[in-house]
Amino acid sequence: MLSVERFDISGRAMWIAVISGDRIDGITFSLDGRGYLEERITSLAGFLAKRGIKANLEVEKSPFTKLVHDVTVGKLDNEEAMKYLSFRGVTPFERKVYEILTKNVKRGSVITYGELAGLAGTSPRAIGGAMKRNPYPIVVPCHRVVSSEGMGFYTPKMEYKKFLLELEGVEKWTG
C-alpha cells in the first residue's frame, strides 16, 4: 500500500510517502510539492521492483507516514523506528551499513563516509553507494553522512540534506 501525507515542518510543507505492507518497504519525501513527490514515488517503486518487491501503489491511510514525521522532528529515535522497516530487497551489506549508521550516529551529529567505512570495514565509495540506494531515508539517516570536505551528496536534492541537517541543529556542515 502507499500512504501519503503532508506535514508542516519548520515552516515548510513536507510531503511524506511510504510504501509498505506489514512493514515499511520504502520511504520518499518532497519539499517541492505533491507533483515532485509523485516523481519520487515512481522512482522508489521502480527501485523496489528491481529488488524484487512489487509495490502496491493503492493509496491507503497508514501510521507509517506519521512515524517518519516523528523521526524527522525528533519525537522518535531513528533506532527505535528501525523495527518498522522490512529490509526486503536490501543486500546483507546494505543492511549492515544502515544498522551501523543508525545505531552510531544520533540526531544532531554527523559521520564522514570514511569514518563510517572504518566502522563497517569497507571503503568510502561502498558507503556512498549504500547511501545512494537507501530505500529508507530519514529513518536510516543517510543525510548524516558527510564528506570530510563538506556536505557530500544526497539523493534527491542537496537542499533536502541541508534542510534535514539544519532541522537537527547540525550547523557546521550547512553553512
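How many nonpolar, polar and charged residues are in the lining of the largest pocket? By class, there are 13 nonpolar, 7 polar and 3 charged residues. Keep in mind on this tour that the model is predicted.

**Stop 1: the largest pocket**

Select Met131, Lys132, Arg133, Asn134 and Thr155. Of the 23 lining residues, these lie nearest the centre of the largest pocket. The space inside comes to about 470 Å³. Now colour strand 3 (24-30), helix 1 (33-50) and helix 6; each of these elements gives two or more residues to the lining. Helix 1 gives the most, with 4 residues.

**Stop 2: helix 6**

Stay with helix 6 and select residues 124-132. Ile127, Gly129, Ala130 and Met131 are buried here. What covers them? Show helix 4 (92-104), helix 5 (113-120) and strand 5 (145-146), which are among the elements over the buried residues of helix 6.

Next, click on Ile127. Leaving out residues up to four places away in sequence, Ile127 touches Val97, Tyr113, Leu116, Ala117, Ala120, Thr122 and Val145.

**Stop 3: the nonpolar cores**

Add Leu116, Met131 and Val139 to your selection of Ile127. The largest nonpolar core has 42 residues, and these four touch the most other members. Many elements feed this core. Those giving two or more residues are strand 1 (2-9), strand 2 (12-20), strand 3, helix 2 (64-72), helix 4, helix 5, helix 6 and helix 7 (158-167). Another core, of 12 residues, lies apart from the largest one. To find this other core, select Leu2, Trp15, Ala17 and Ile53, which are among its members.

**Stop 4: helix 2**

Is helix 2 largely enclosed or largely open? Of its 9 residues, 8 are buried, so helix 2 is largely enclosed by the rest of the structure. Select the buried ones: Phe64, Thr65, Leu67, Val68, His69, Asp70, Val71 and Thr72. Then show strand 1, strand 2, strand 3, helix 3 (78-81) and helix 7, which are included in what covers them. Step just past the end of helix 2 to Gly74, where phi is positive, at about 85 degrees.

**Stop 5: aromatic rings**

The model has 4 aromatic pairs. For one of them, select Tyr36 and Tyr160. Their ring centres are 6.4 Å apart and their planes stand at 85 degrees; planes over 60 degrees apart count as edge-to-face, so that is what this pair is. Tyr36 sits in helix 1 and Tyr160 in helix 7, so the pair, 124 residues apart, links distant parts of the chain. Both Tyr36 and Tyr160 are buried. Add Phe29 to the view: ring pairs link Phe29, Tyr36 and Tyr160 into a cluster.

**Stop 6: Thr112**

Move to strand 4 (residues 111-112) and pick Thr112. Is Thr112 buried or exposed? Its relative accessible area is 15%, so Thr112 falls under the 20% cut-off and is buried. Beyond the residues up to four places away in sequence, Thr112 touches Val145, Val146, Ser147 and Ser148.

**Stop 7: the loop between helix 3 and helix 4**

Select Phe87 and Arg88. Phe87 is in this loop, and Arg88 is placed there too. Phe87 is buried, with a relative accessible area of 8%, whereas Arg88 is partly exposed at 43%. Phe87 is not a glycine, yet phi there is positive, near 60 degrees.

Which residues does Arg88 contact, apart from its neighbours within four places in sequence? They are Asp25, Ile53 and Tyr136. Now draw a line from Arg88 to Pro135: the two are 47 residues apart in sequence, and their C-alpha atoms are 10.0 Å apart in space.

**Stop 8: backbone details**

Most residues other than glycine have a negative phi, and most peptide bonds are trans. Two last places to look follow.

- Select Ser10, in the loop between strand 1 and strand 2. Ser10 has a positive phi of about 50 degrees, although not a glycine. Ser10 is exposed, with a relative accessible area of 57%.
- Select Thr155 and Pro156. The peptide bond from Thr155 to Pro156 is cis, with omega near 15 degrees. Pro156 is in the loop between strand 5 and helix 7. Thr155 takes you back to the start, as one of the residues nearest the centre of the largest pocket.

Methods:
Residues numbered from 1 in each chain as written. Predicted model: local features only at pLDDT ≥ 70, side-chain atom pairs only at ≥ 80, totals over all residues. Heavy atoms only, no water. Buried < 20%, exposed > 50% of the residue type's maximum accessible area, 1.4 Å probe, protein only. Contact = heavy atoms within 4.5 Å. 1 Å grid on protein atoms, 1.4 Å probe; cavity = no way out; pocket = protein on both sides within 12 Å on 5 of 7 lines; lining within 4 Å. Points joined across faces, edges and corners; volume = space filled by probe spheres on them. Nonpolar A, V, L, I, M, F, W, Y, C, P; charged D, E, K, R; others polar. Core = buried A, V, L, I, M, F, W, Y, C linked by side-chain atoms within 4.5 Å. Phe/Tyr/Trp six-rings, centres within 6.5 Å; stacked < 30°, edge-to-face > 60°.
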